[in-house]
Every structure is written in C-alpha cells, then in structure tokens.
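Reader: I am new to protein structures and would love a close look at one part. Could you walk me through the place where the chains meet?

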Amino acid sequence: MELLKVSNLTKIYPKHKVAAIDNMDLSIDKGEIFGLVGESGCGKSTLAKSILRLTDVQRGSILYKGDDLLKAAARKMQGIRKEIQIIFQDPYLSLDPRVKIGSALEEVFLIHYNYPGPKRRKKAAELLDMVGLGKSYFNRLPSELSGGEKQRVGIARALATGPEFIICDEPVSSLDISIQAQILNLLMDLQEQKALTYLFISHDLGVVASICDRVAVMQSGRIVEIGLCEEVFRNPQHSYTKKLLDSISLT
Amino acid sequence: MFLRIEGLRVKYNDIEVVRGVDLEIGKGECIGLVGESGCGKTTVGLSITRLIPGHKGRISSGRILFEGKNLLVLSPEELRKYRGSRISYVFQEPLSSLNPVFTIHEQLKEVLPKDDDVEGSISEALKSVGLKELIDRKKVYPHELSGGMQQRAMIAMAIVSKPDLLILDEPTTALDVTVQKKILELVMELKKNLGLSILFISHDLRTVFELADGVGVMYAGRIVEQGPAKTLMSRPGHPYTRGLVNSIPSIEHRKERFNAIEGRTPLFSELPEGCKFYPRCKFRIKPCREKEPFLGKFSDGHYSRCIRSKELIAHGTIKGI
Ligand SMILES: Nc1ncnc2c1ncn2[C@@H]1O[C@H](COP(=O)(O)OP(=O)(O)OP(=O)(O)O)[C@@H](O)[C@H]1O
Ligand SMILES: Nc1ncnc2c1ncn2[C@@H]1O[C@H](COP(=O)(O)OP(=O)(O)OP(=O)(O)O)[C@@H](O)[C@H]1O
Ligand code: SF4
Ligand SMILES: [Mg+2]
Ligand SMILES: [Mg+2]
C-alpha cells in the first residue's frame with residue numbers, strides 16, 4: 001500500500017535560481033525502509049522539510065494516505081505531525097537551547113497525549129533509556145550534551161509521538177560505530193514490531209545497503225536512479241551511482 | 001614535540017569527564033582520536049584552544065604545550081595569537097559555530113590574512129572544498145546551505161589561514177563518500193606540503209585508520225589504547241578497541257542486526273572502581289576490579305590500559321569470567 005506519494009514537486013529557494021527540488025516524483029509504501037542518497041546539496045533535506053511543510057514549495061502534491069499535505073488545513077496538519085516525525089540532520093535545529101532534555105520529551109507527551117505528570121516523566125525516561133541515555137540526562141540542557149548525545153535525544157523525541165512514518169535525515173551520522181549499531185537495531189526492531197515506514201536519508205552507503213528495501217539516488221534536485229537496494233548496489237546504472245560505489249571500494 | 005598534552009583533566013559541573021589524558025602530535029603528523037559517544041573527545045579538542053564552555057566547565061589540571069609553550073597559562077591576548085591563525089578548529093556542529101548574521105564570504109574574509117588578494121583567495125578556498133557554486137553567490141548565509149555545505153564552508157575557513165595545527169572534530173559526518181574523499185585528500189596534501197599537524201576526531205574508524213599516523217582510543221574520559229593504526233586494527237590490545245573494530249559493518253551485510261558492544265556507556269557520575277570497562281568486558285577477571293590499569297607499553301608506540309593486553313595480543317582471544 002502506498003503511504004506517501006510525491007508528484008511533480010518543485011521547490012526553488014528565493015535568491016537561488018536553480019531548483020532545490022526539480023519536478024520530483026516518488027512513492028513510498030507502508031512498512032518500507034526507503035533509502036535516499038545523493039551528493040551534498042542535491043536537495044535531500046529540502047525534500048524532508050517539504051513533506052512536513054517546514055518549507056514552502058512552488059508546485060506539486062504530496063499525498064499521505066491519500067490526502068494532499070500541501071493543501072491540508074493547519075488543524076489537520078497538527079494531527080499529521082503526530083504520525084509523521086522527522087529526525088533532523090542537525091540536532092541543533094530540533095532542540096530548544098533553553099529547555100532541559102526531560103522537559104522537551106515530556107512536552108511531547110503533554111501536547112499529543114495529555115498524559116499526567118508522573119506518566120509523562122516515566123515515558124520520557126523510557127525513551128531516553130532506549131537511546132542509551134540514563135536518567136542523569138533528564139535535567140541537562142542541550143548545550144550540556146556531546147554531539148552524539150544530542151543526536152540521540154533528537155531520535156528519542158521523534159519516537160515520542162508514536163509515529164507511523166519517520167523521516168530520518170542522517171540519523172546516526174555523529175554516533176560511534178557501536179552506538180550507531182544499537183540505534184539502527186532499535187529502528188529496525190520498531191519497524192518490525194510496529195510496521196513503521198522510514199524515509200532514510202544517509203550518505204553512508206553501507207548503512208543504506210544493510211537496512212533499506214529500496215533506494216533512490218538524487219542529483220541536482222532529481223531522482224536519477226531508483227530500485228531495490230541490492231539491485232542498485234550490485235548493478236548501478238547511473239554514472240553518479242557508479243561513482244559513489246567506486247569511491248567506497250577504493251577505501 | 002610540536003604539541004604535547006599532559007595529564008589533562010576537565011570537569012563539567014564538578015564531574016570529571018576528561019580524567020587524565022596524555023597525547024602527543026608531531027610536526028606534520030595526523031593523530032586520530034576515536035571512542036564512544038560522550039567519552040570526552042570534543043572536550044579534549046576544545047581544551048587545546050581553551051574553548052570549554054565557560055561557567056560550568058573547567059580544566060582542572062594538566063598542561064598543553066604548543067611548541068613548548070603552555071597554552072593553558074597564556075593571557076587571553078596571547079592566546080588570541082594562536083587561535084584561528086596558528087591553530088584552527090573545525091567544530092562538530094557547523095551551525096552552532098558559523099555566525100548566522102554574516103555571509104559565508106564575509107566570514108571567509110575575516111579569517112584571511114589581510115594582505116592577500118582577498119577575492120582570489122576566497123574563490124580558491126571555496127573551490128578547494130567543492131563549493132565552486134558559492135563563488136558568485138556572495139550573499140549566502142549559513143542557514144541557506146545544506147548540512148554538508150556548511151561543513152565544507154567551515155573547513156574552508158579553517159584552512160585559509162594556513163594554520164600549523166588543525167583540529168577536525170567529526171569533519172565529514174554530512175558528506176557523501178566522493179566529497180569526503182576530496183576534502184580529506186586536500187587536508188592530507190596540506191599536511192604533506194606544509195607540514196600541517198592534525199588532530200582528527202572521528203567515529204569513522206575506516207577513515208581514521210587509513211589516514212592517521214597514530215590513533216588514540218578513548219573510553220570514559222581516558223585513553224585506553226594508543227598506537228599505529230595497523231596494530232590497533234589487526235592486533236588490538238584493549239577489549240574495547242576489539243569491540244569497536246568488530247562493530248565495523250561490512251557493506252555486504254543485509255537486514256541483519258548490527259554488532260554492538262554489549263552493555264551501556266557508564267555515567268561519569270557513577271564510574272566503577274578499577275577498570276572502567278569492567279562491566280562490559282568479555283575478558284574480565286577478578287583483579288580487573290581492584291584498580292584502574294595504567295597505560296602499559298606493549299611494543300614500539302603501542303600502549304594499552306588493560307591487565308590482559310599481553311595475552312590478548314598474543315592469542316587474539318582469551319577466556320574471561
Ligand atoms: N533555507 C535555504 N535558503 C536558500 N537555499 C537553501 C536553503 N536550504 C537549502 N538551500 C539550498 O538548496 C540546495 C539543497 O539543499 P539541501 O539541504 O536540501 O541538500 P542536501 O541534499 O540535504 O545536502 P547535504 O547532504 O549536504 O545535507 C542547496 O544548494 C542549498 O544551498
Ligand atoms: N557543557 C556541559 N555540561 C555538562 N556536561 C557536559 C557538557 N558538555 C559535555 N558534557 C558531558 O561530557 C562528556 C564528554 O562530552 P564530549 O562532548 O567531550 O564527548 P564526545 O566524545 O565528543 O562525544 P560525541 O562523540 O558524542 O561527540 C559527555 O558525557 C557529555 O554529556
Ligand atoms: S582490565 Fe580487565 S576488565 Fe578491563 S579491559 Fe582489561 S580484561 Fe577487561
Ligand atoms: Mg541535508
Ligand atoms: Mg564530540
């Protein structure tokens with residue numbers, strides 16, 4: 001079943017003549033882990049932000065369960081933000097520097113579920129625990145965390161609403177290999193248990209190859225290659241995909 | 001020695017997170033620093049230029065000798081002569097360190113030596129990090145760049161001043177392999193041609209092992225193993241390093257669980273007695289709990305903080321309890 005369908009999407013930033021997303025079509029099935037790779041600046045994060053209407057687009061439609069998100073009223077969008085979550089590439093963007101980690105997580109349970117205080121605290125602590133951060137992180141400000149710790153708080157926050165679809169924009173880029181493995185295992189477990197769907201943006205082809213079902217390769221705002229992961233990686237067609245794969249085999 | 005860190009200790013809110021680190025970087029040498037998220041890598045890097053965030057963090061002891069001069073006792077004016085011009089820093093989070101109200105061009109201009117052909121040098125710098133498209137986009141601000149572009153803009157700023165020491169803190173987390181290669185080649189060229197010394201903090205073990213002349217592995221605020229990349233990769237002496245090396249995923253892997261080191265990162269406020277890796281170590285024996293092992297020497301330039309390193313190096317694997 002198609003969960004997300006993007007058609008003719010075009011986004012041009014002001015002051016910038018070239019399109020960051022150029023007439024793009026893309027569809028993602030429910031329960032799928034969909035990989036998105038492509039060179040720096042090709043428009044991956046812009047696509048992620050467009051889906052959640054965090055940036056305006058010029059043209060196109062984004063159907064989520066059949067409803068066009070670009071036309072959804074503010075009220076409806078509020079509900080959808082509970083179902084679709086994003087793990088930002090720069091955790092700096094998702095965390096309010098003045099709000100302690102525990103309160104930031106509790107807030108999600110208050111807004112979306114109206115849980116009473118003790119239940120909020122319990123849930124928030126559970127989430128922190130899932131990403132490998134103990135209770136002592138509860139009372140810390142974002143500035144009091146290391147880079148990888150901040151990234152994990154961003155992940156915990158995205159998981160808090162109990163989403164169906166998670167847009168992961170470089171979700172494990174600042175984590176050491178072992179913690180990265182724990183987080184990826186967690187994301188895969190959730191996918192299995194709850195049939196979550198992921199749009200998984202990453203520059204790490206190894207990670208994409210191992211967790212994604214399908215992958216799309218983007219260049220200058222367009223998708224230049226798309227297919228099952230093992231096929232694209234085994235038998236790349238587009239020159240950019242070939243170049244990407246070549247540069248890993250060399251290292 | 002070009003840079004020598006001696007007995008560095010750093011506290012945040014009275015909790016020690018760097019618990020005595022010694023590290024040396026020779027002229028024209030690249031030293032890698034790896035370790036678990038939160039183990040203190042960035043804190044070590046920031047200490048070199050005394051950028052530990054003010055009111056809650058402080059360096060409680062140690063010396064940082066840059067060409068023999070202890071940076072930790074310099075006056076702020078003296079320190080300014082080093083920061084930026086002789087020592088440059090590529091921060092882990094580009095957005096938090098780029099200035100949001102100035103354009104990339106303005107920020108590059110700011111760090112360029114004054115007598116240069118400014119426009120020419122800016123174009124050159126942008127080109128070298130693959131940001132040719134920004135040469136004509138003079139009014140571009142940091143938030144108008146993609147994550148990887150911000151990272152590259154920061155790298156450009158760090159190298160235009162032709163520093164002697166470059167601290168790279170996770171410099172390529174947002175870059176795809178092709179761009180990453182280009183950037184690292186550029187840095188390695190500067191190292192070769194100008195004798196640039198580099199502290200390379202990264203969780204990308206493959207890259208660190210490939211580029212660094214020597215690697216330090218940190219765990220819970222201390223170096224637990226140190227040595228040439230090849231040795232650490234093929235015959236690690238510390239069980240933590242072994243776990244890390246075993247976690248490197250292969251690209252072949254499909255839909256299987258990833259290998260992770262079992263157990264959790266210990267909290268700095270609740271570190272165990274004795275060896276800090278004890279609760280997670282497969283090779284632990286009773287004496288490990290008695291006192292924290294010292295950094296013992298096992299071959300030329302190879303050190304490890306584990307009482308069983310000798311057996312581990314000799315046999316590859318051993319039994320624990
Ligand atoms: N807020 C903005 N204003 C103007 N231009 C922008 C803005 N955000 C992004 N851009 C431009 O849009 C293009 C695509 O950026 P985007 O962040 O989507 O790339 P990306 O594929 O996520 O790259 P990376 O892998 O480096 O994160 C880039 O050229 C960038 O300069
Ligand atoms: N300003 C601060 N106040 C309190 N604790 C802090 C502060 N900054 C960092 N810490 C703590 O100090 C420890 C070391 O942080 P540091 O940023 O040096 O880690 P790191 O090794 O660079 O980790 P990462 O790989 O995740 O970036 C972490 O446990 C972190 O929670
Ligand atoms: S000293 Fe003991 S517990 Fe510590 S790493 Fe070595 S074997 Fe493991
Ligand atoms: Mg991006
Ligand atoms: Mg760090």
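Author: Happily! Between chain A and chain B, 14 residue pairs are in polar contact, both partners at pLDDT 80 or more; such a contact is a pair of N or O atoms within 3.5 Å, where within protein one must be able to donate a hydrogen and the other to accept it, and residues adjacent in sequence count only if both atoms are side-chain atoms. This is a predicted model, in which local features need pLDDT of at least 70 and side-chain atom pairs pLDDT 80 or more, while totals for chains, interfaces and linings use all residues. Residues are numbered from 1 along each chain as its sequence is written, chains are lettered from A and ligands numbered from 1 in the order written, and side-chain values use heavy atoms, without hydrogens and water.

The rule also finds 4 salt bridges across this interface, each a side-chain nitrogen of Lys or Arg within 4 Å of a carboxyl oxygen of Asp or Glu. Arg264(B) and Asp129(A) are joined by a salt bridge, at 3.1 Å from N to O.

Ligand 1 has 19 residues around it, with Ser40(A), Gly41(A), Thr46(A), Ser146(B) and Gly148(B) the closest; here a residue counts if one of its heavy atoms lies within 4 Å. Because residues from chains A and B surround ligand 1, the site is shared between chains. A polar side-chain atom of Thr46(A) sits 2.5 Å from an oxygen atom of ligand 1, and for Tyr13(A) a polar side-chain atom is 3.2 Å from a nitrogen atom of ligand 1. The side chain of Ser45(A) has an N or O atom 2.8 Å from an oxygen atom of ligand 1.
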